[in-house]
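Biologist: Let's go through this one slowly, please. I'd like a reason for each label you use.

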Amino acid sequence: MSAEMMKAVRQHEFGGPEVLVYEDAPKPEPKPGEVLVRVRAVGVNPPDWYLRDGYKMLPPEWQPQVAFPVILGTDISGVVDAVADDVSGFTVGDEVYSMVRFPSGLAGSSRAYAEYVVVPASELGRKPAGIDHSHAAAAPMSLLTAWQYLIALGHDEPNPLQPNRHQPVPLEGRTVLVNGAAGGVGHFAVQLAKWRGARVIAVASGKNETFLRDLDADEFIDYRKSLPEEVVRDVDLVLDAVGGPTTGRFLRTLKRGGALFPVFPLGFAGAEEAEKLGVTVSATQVRSNGAQLEEVGRLLDDGTIRVTIDSSFPLADARKAHERAAEGHIQGKIVLTVA
């Protein structure tokens, strides 16, 4: 264990935001194939609070075994502080960003809520020069999720959610409905679909209409006034960034040959109905990918894709960030800043 210490947000038991404690922790050291990053900002994502409360939303047989103390978090932006001898391509002082060890770190080995984190070099991308560390840290998990669902999967790992490999579908000239369009994954999905030439219908609460129109959504549905499954028909693809047991309601919005991509597929029970309707239902598990971060980084750098930050908190106030997340109706992403 390293003799040097750093500040980190750790938890010593499962629970709500109150279990998050800002305290001293051992500073990590890079092993072969790894890079030590001085963290400047951390993106907050749903897996953070899933781990915090012990993955209660997963079936017991899927819940990973967690050893305390735990440091939450996967998404970081920062500066290279040290590089293992066998790593090439990164040097001390480089500005980088990453989704650290996901999903391999589900049990707590990503450890991003900290001043320093070690990252496999293959999971690092250079931070886009055109955005700051907060916006870069807000991107990785949500943007990679949208990218791997809509543009390119980027790996050949077996799919833990279904027997078949997920396949993105053509978007140019197609109509795409994005549910949960104002959130982290959703606001990136809207932009990527537009970039690829799709007509986009954005579904969110009414307060987000101006925001989503500004991201070039062609049509907006306030789900509090109109249920999309009652007013939309013959779309080519639904990207349901909310997912869960209610995702099957979007089957009726799709044309025969269309596709439903639920980002959170657990609870979907409409497989037979989908088959009758000729609709493909497919999901995937987002995976760390430094090469893809380099690719999407060019879109972030030139402004093709924009990152929206809902709110920002100092690392020491991670508890407040989780309380904000629990309130829901997030526009974009929540970020922690590291002094």
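Modeller: Deal! First, a crossover is right-handed if, with the strands pointing away from the viewer, the path from the first strand over the helix to the second runs clockwise. Helices (H or I, at least four residues) and strands (E, at least two) are DSSP runs, numbered from the N terminus. This is a predicted model, where local features need pLDDT of at least 70 and side-chain atom pairs pLDDT 80 or more, while totals for chains, interfaces and linings use all residues. Residues count from 1 along each chain as its sequence is written, and side-chain values use heavy atoms, with hydrogens and water left out.

Biologist: What makes E13, helix H7 and E14 a right-handed unit?

Modeller: The path goes from strand E13 over helix H7 (residues 271–277) to strand E14, making a β-α-β unit. Its turn is right-handed, so it runs clockwise in the view I just described.

Biologist: How do you know that E13 and E14 are paired?

Modeller: Two strands pair if DSSP finds at least two bridges between them. E13 and E14 (residues 280–281) have two bridges and run parallel, so they qualify. Ala 259 stands opposite Thr 280 of E14. On to E12 (residues 235–240): five bridges join that strand to E13 (residues 254–262), again parallel, with Asp 240 opposite Pro 262. E12 is also joined to E9 (residues 175–179) by four bridges, in parallel, and Val 178 faces Leu 239 there.

Biologist: Why do E11 and E14 count as edges of their sheet?

Modeller: The open sheet has six strands in the order E11-E10-E9-E12-E13-E14, paired in parallel. E11 (219–222) and E14 each have a single partner strand, so one side of each is left without a neighbour in the sheet.

Biologist: And which strands make up the three-strand sheet?

Modeller: The order is E2-E1-E4, open and antiparallel. Here E2 (21–26) and E4 (70–71) have a single partner strand each, so they stand at the edges. Two bridges join E1 (residues 5–11) to E4, and Arg 10 has Ile 71 as its bridge partner in E4.

Biologist: Why is H4 called mostly covered?

Modeller: Buried means under 20% relative accessible area with a 1.4 Å probe, protein chains only (exposed is over 50%, partly exposed in between). In H4, 10 of its 12 residues are buried, among them Val 185, Phe 188 and Leu 192. Just after H4, Gly 197 takes a positive phi of about 90 degrees.

Biologist: How do you know that the length of H4 agrees with the expected span?

Modeller: The expected span is 1.5 Å times one less than the number of residues. For the 12 residues of H4 (residues 184–195) that gives 16 Å, and the end C-alpha atoms are 17 Å apart, which agrees.

Biologist: What makes a space a cavity?

Modeller: On a 1 Å grid over the protein atoms alone, a 1.4 Å probe fits at a cavity's points but cannot get out, and lining residues have an atom within 4 Å of a point. This structure holds two cavities of 30 Å³ or more. The largest has about 80 Å³ of space, a volume being what probe spheres set on the points fill (points join across faces, edges and corners). Its lining has 13 residues, with Pro 47, Leu 51, Gly 73, Thr 74 and Gly 105 nearest the centre. Helix H1 (residues 46–52) gives the largest share of that lining, three residues. The second largest cavity holds about 60 Å³, and its lining includes His 155, Glu 157 and Arg 287.

Methods
On a 1 Å grid over the protein atoms alone, a cavity is a set of points where a 1.4 Å probe fits but cannot get out, and a pocket is an open set with protein on both sides within 12 Å along at least five of seven lines; lining residues have an atom within 4 Å of a point.
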